[in-house]
Amino acid sequence: WHQHLRAQEATLEELVKNAVPSVPAIVCETGQYGSGFVIEHDGKLYVCTNRHVLEGGGQFNVIFLLDTQGRTAYTPQPSDLRVWRISRKADVALIDCRRIQTDLRERRIQPLPRLGEPVFALGHPSAAPGRVLPVSVTTGIVSGLEREVEGMRFLQTNAALNPGNSGGPLFDRQGRVIAINTLVVRERQNTNFALSLRHLYELLEDES
């Protein structure tokens, strides 16, 4: 039985290749940058990211990389995107992609699943101001559960996170999203936090 499970488990390389188009880079005219991931809710597509990535307002670009080398990309017009909802209590925000749904589906940019156990982080961190390293992967384990900081719930992980990973997904070994990469404790090595998906669900269901 366990041998059968291992045979069915995709390699990390395969998981990353399948996930990359659904993990866009987000670049704001204010100089903020981060990562996100595509989700589906009530048949509509959105990009989930951290609230702090979009803070300050202004125009932003969402860049969907179509290969693991970052050589081809789809960048919709900023006017086709808008911030749909921003959580009042958690570091999470949603970008409305309904105007570009047909373009996303034609390019096989699919929503990512939402539940499971963490194994790797995928995002587009910075090497230096103004320079983004597209499609960077780090691996680790869950090193703590249900950490609470200022009323928000987090998973603690030792998967390395850097500026620009904010808002990107933390995956399990089946390629399912289980948390939103958010915080790095600089004073402590390998102490990073990913926001619980419960805050994403709350924002999706918020009708206010």
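# Close-up views of a predicted model

The protein chain carries five helices and 17 strands. Everything shown here comes from a predicted model, so please read each panel with that in mind.

**View 1. The whole chain, as a starting point.** Of its 208 residues, 46% count as buried. The accessible surface comes to about 10800 Å², and carbon and sulfur atoms supply 46% of that area. Among the contacts with a separation of 6 or more, 61% join residues 24 or more positions apart. Looking for disulfides? The structure holds zero of them. Two cysteines that you may come across are Cys48, buried at 0% relative accessibility, and Cys97, buried at 1%.

**View 2. The four-stranded sheet.** In this open sheet the strands follow the order β3-β4-β8-β7, with antiparallel pairing. Strands β3 (37-41) and β7 (82-86) stand at the edges; each has a single partner strand, so one side of each is left without a neighbour in the sheet. On average, neighbouring strands here are turned by 40 degrees against each other, direction ignored. As a general reminder, the strands of a sheet pair through backbone hydrogen bonds, in either a parallel or an antiparallel way.

**View 3. From β7 to β8, with a helix across the sheet.** Zoom in on β7 and strand β8 (residues 93-96): these two run antiparallel and are joined by four bridges. Which residue of β8 is the bridge partner of Val83? It is Ile95. Helix α5 (residues 198-205) lies across β3, β4 (44-49), β7 and β8, and runs at about 110 degrees to β7.

**View 4. The seven-stranded sheet and its helices.** Here the order is β12-β9-β15-β16-β17-β14-β13, again in an open sheet with antiparallel pairing. The edge strands are β12 (136-139) and β13 (142-149), each pairing on one side only. Neighbouring strands of this sheet are turned by 35 degrees against each other on average, direction ignored. Helix α2 (residues 12-19) packs on the sheet, where it touches β9 (120-123), β12 and β15 (169-171), and its direction makes about 35 degrees with that of β9. Helix α5 packs on this sheet as well, touching β13, β14, β16 (177-184) and β17; the direction of α5 makes about 35 degrees with that of β17. If you have just come from View 3, you will recognise α5 as the helix that lies across β3, β4, β7 and β8.

**View 5. Strand β14 between its two partners.** On one side, four bridges join strand β14 (residues 152-157) to strand β17 (residues 192-196), and the two run antiparallel. Thr157 has Asn192 as its bridge partner in β17. Strand β13 is also antiparallel to β14, with five bridges joining the two. Val149 stands opposite Met152 of β14. The hairpin of β13 and β14 has two residues between the strands, and Glu150 takes a positive phi near 50 degrees there. Is β14 mostly covered or mostly exposed? Mostly covered: five of its six residues are buried.

**View 6. Arg153 and its surroundings.** Arg153 sits in strand β14. Why does Arg153 count as partly exposed? Its relative accessibility is 25%, and the partly exposed class lies between the 20% and 50% cut-offs. The side chain of Arg153 makes a polar contact with the side chain of Glu148 at 3.5 Å. Beyond four places away in sequence, Arg153 touches Glu146, Arg147, Glu148, Ala194, Leu195, Ser196, Arg198 and His199. His199 is worth picking out: Arg153 and His199 are 46 residues apart in sequence, while their C-alpha atoms are 8.0 Å apart in space.

**View 7. Ser35, a buried residue of strand β2.** Ser35 is found in strand β2 (residues 33-35). Its relative accessibility is 0%, so Ser35 counts as buried. Where does the side chain of Ser35 reach at 2.7 Å? To the backbone oxygen of Gly164. Leaving out residues up to four places away in sequence, Ser35 touches Pro24, Ile26, Cys48, Thr49, Gly123, His124, Gly164, Asn165, Ser166, Gly167 and Gly168. That list includes Cys48, the cysteine from View 1 with 0% relative accessibility.

Methods: Residues numbered from 1 in each chain as written. Predicted model: local features only at pLDDT ≥ 70, side-chain atom pairs only at ≥ 80, totals over all residues. Heavy atoms only, no water. Disulfide = S-S within 2.5 Å. Buried < 20%, exposed > 50% of the residue type's maximum accessible area, 1.4 Å probe, protein only. Polar contact = N/O pair within 3.5 Å; in protein donor to acceptor, adjacent residues only side chain to side chain. Contact = heavy atoms within 4.5 Å. Pairing = 2+ DSSP bridges. Axes fitted to C-alpha atoms, helices over the stretch in contact; angles between N-to-C directions. Areas by Shrake-Rupley, 256 points an atom, 1.4 Å probe, with all protein chains shown as cover.
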